[in-house]
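Okay, thanks everyone, I'll keep this short. Have a look at what's on the screen, and then I'll walk you through it.

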Amino acid sequence: MPIDQSNENNSTSEPVTGKDDSADSGEPADKDHASGPSPATGTEHEIEIGNPPNDIVISTDDVALGSLDFEPLTPTDFEEFCFDLMSAVGFINVDWRKGTPLPSSPSDSGRDIVGLREHYDVDGHKYTETWFVDCKHYKRGVPPDALQGTLAWAQAERPAVVLFIASGYLTNGAKDWLATYMRENRPAFRIRVWEKPQLRSMVEQHLDVAFKHDVATATLRRISEILAAEAALVDQLWYGRKPLDENMSLQGWSQETISAVLRSKRQMEEQYGREVLDENVEDDWHWGYLSGRVAALRWVLGWDWGMLDS
C-alpha cells in the first residue's frame, strides 16, 4: 500500500528527486547493526542497509548507472516497480497485496508485497523464506513512524525478513530507531533496507524493469523518450515518402484517400515545420540519415535491423 498517502505519518508522498533535503536526511550507509542473540537463528540480529542479499548478483559489466530518478512514478507505480524488480532478482510467488483496482491500496495489512526466497543447505535440502516488503516512495527521507505498522504486523505474522524498499533514503533518525527496535525487541525476523544505491545496483542487471516503469537513469534515456523520438522520426519518414501535392492525382488513389493524406501532411508541417521535413528529402545523404536513425531506434525497441515501415 502507499503508506505515505495514509495518516500513518505526515510525510509527503511526492516523488523523490534525490536525497532527502531535510535536516534529518538519510545518507547512504554501508551497514547499521544492532546486535543480540537471535531467537530464530542463534546469530546476531542485523539491520542490513547497503547490501542486497548475497545471492542477488551485482553488476560487473560495463553498464554503470549514474543515478535513478523515480519522479514520474506515483506511490502505486513504485510498488509495481518493486514487485517486478523482486521477481527479476529471484523471488518466487511474489504477491502484490494491492487488493483494489483503485490508485491507492489501503488494505495491505502492513506490507505491500510478500515474496519467497529459495535456499539450499549443503546437503541439498531446499527451504524457503517469507519476506514482507514495505515500499516507501517519499519526497524526503523516510521517517521512523512510517516503519512501525509493518513491524507490528511482522511481530504477529513472523516472516523471516522484513524488507523496506525506499525510492530515496531512510532518515538517520529512522535508522537509529530500527537499531533500537532490534536491540530492545529481539524480533524473530531480520530487517533489510534497500535504498536508492541498492536499487541502482540491481537495476544495472535488470534494465528492462527500469524501461518498463519509465524509471530515468543518468546513463540511459527513459523508454518514453525513445518511443517519442521514434514516433517523430517515423512521421517524418512517412511524410518524405508521400508524393508532392500536385502529383497526388497520379497515384490512382480515391479522392477520399487523397484528402486524408493531404490533411496528414498539413498536420505534420505544422508539427515539425516545412524546413525540417524538406531537409529530410533534400538529397540521398539526408534521406539515409533519417532512415538510419529510425532503424537504430527501432532496433533498441526490439524490431529487426533495417525495419523502416511507415
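I'll go through the core, the rings, the salt bridges and a couple of backbone angles.

One thing up front: this is a predicted model.

So, let's start inside. In general, nonpolar side chains in soluble globular proteins tend to be buried together. Here, the largest nonpolar core has 26 residues. Which of them touch the most other members? Those are Phe70, Phe78, Phe81, Ile165, Trp194 and Leu199. As for where the core comes from, helix H1, at 75–88, strand E5, at 126–136, strand E6, at 161–166, helix H4, at 196–205, and helix H5, at 207–212, each put in at least two residues. H1 gives the largest share, with five residues. Apart from this core there's another one, made of 19 residues, and among them are Leu147, Phe164, Ala166 and Val193.

Okay, rings. The count of aromatic pairs comes to eight. I'll show you two. Phe70 and Phe81 are edge-to-face, 5.2 Å centre to centre and with 65° between the planes. Edge-to-face needs planes over 60 degrees apart, and this pair has 65°. Phe70 sits in the loop between strand E2, at 68–69, and H1, while Phe81 is in helix H1, so to speak across a gap of 11 residues. Are these two buried or exposed? Phe70 is buried at 0% relative accessible area, and Phe81 is buried at 0% as well. Ring pairs also bring in Phe78, linking Phe70, Phe78 and Phe81 into a cluster.

The second pair is Trp299 with Trp305. These rings are stacked, 5.1 Å centre to centre with 15° between the planes. Trp299 lies in helix H9, residues 284–300, and is partly exposed at 44% relative accessibility. Trp305 is exposed, at 58%. Trp299 and Trp305 turn up again in a nonpolar surface patch of about 380 Å², which they make with Val300.

While we're on rings, there are charges to point out. The charged end of Arg298 sits over the ring of Trp303, 4.5 Å from the ring centre. The charged end of Lys265 sits over the ring of Tyr239, at 5.3 Å from the centre. Hold on to Lys265, please, as that name comes back in a minute.

Now salt bridges. How many does the structure hold? The total is 11. Take Asp84 and Lys212, whose side chains meet at 2.9 Å, N to O. Asp84 is in helix H1 and Lys212 is in helix H5, so this salt bridge ties together parts that are 128 residues apart in sequence. Asp84 counts as buried, at 15% relative accessibility, whereas Lys212 is exposed at 58%. If you're wondering about calling 15% buried, the cut-off is under 20%. Both helices have come up already: H1 and H5 each supply at least two residues of the largest core.

Next, Glu118 and Lys126. Their closest N and O atoms are 3.5 Å apart. Glu118 is partly exposed at 32%, and Lys126 is partly exposed at 42%.

Then there's Asp245 with Arg266, a salt bridge at 3.0 Å, N to O. Asp245 is in the loop between helix H6, at 223–241, and helix H7, at 255–272, and Arg266 is in helix H7. The two are 21 residues apart, and the pair links distant parts of the chain. Asp245 is partly exposed, with 34% relative accessibility, and Arg266 is partly exposed with 34% too.

And here's where Lys265 returns. Asp245, Lys265, Arg266, Glu269, Arg274 and Asp278 are linked in a network of salt bridges. That puts Lys265 in the network, with its charged end over the ring of Tyr239.

Last topic, the backbone. Most residues other than glycine have a negative phi. Which residues have a positive value here? I've got two to show, Asn93 and Arg158. Asn93 has phi near 50°, and you'll find Asn93 in strand E3, residues 92–96. Arg158 has phi near 55°, and its place is in the loop between helix H2, at 148–157, and E6. Asn93 is exposed at 59% relative accessibility, and Arg158 is exposed at 56%.

To wrap up, if you only look at a few things on screen, try these. Inside, look at the cluster of Phe70, Phe78 and Phe81. Across the helices, look at Asp84 in H1 and Lys212 in H5. On the surface, look at the patch of Trp299, Val300 and Trp305. That's me done, thanks.

Key. Residues numbered from 1 in each chain as written. Predicted model: local features only at pLDDT ≥ 70, side-chain atom pairs only at ≥ 80, totals over all residues. Heavy atoms only, no water. Core = buried A, V, L, I, M, F, W, Y, C linked by side-chain atoms within 4.5 Å. Buried < 20%, exposed > 50% of the residue type's maximum accessible area, 1.4 Å probe, protein only. Helix = DSSP H or I, 4+ residues; strand = E, 2+ residues; numbered from the N terminus. Phe/Tyr/Trp six-rings, centres within 6.5 Å; stacked < 30°, edge-to-face > 60°. Lys NZ or Arg CZ within 6 Å of the ring centre and 35° of its normal. Patch = residues over 30% accessible without salt bridge, like charges linked within 9 Å, V, L, I, M, F, W, Y side chains within 5 Å. Areas by Shrake-Rupley, 256 points an atom, 1.4 Å probe, with all protein chains shown as cover. Salt bridge = Lys/Arg side-chain N within 4 Å of Asp/Glu carboxyl O.
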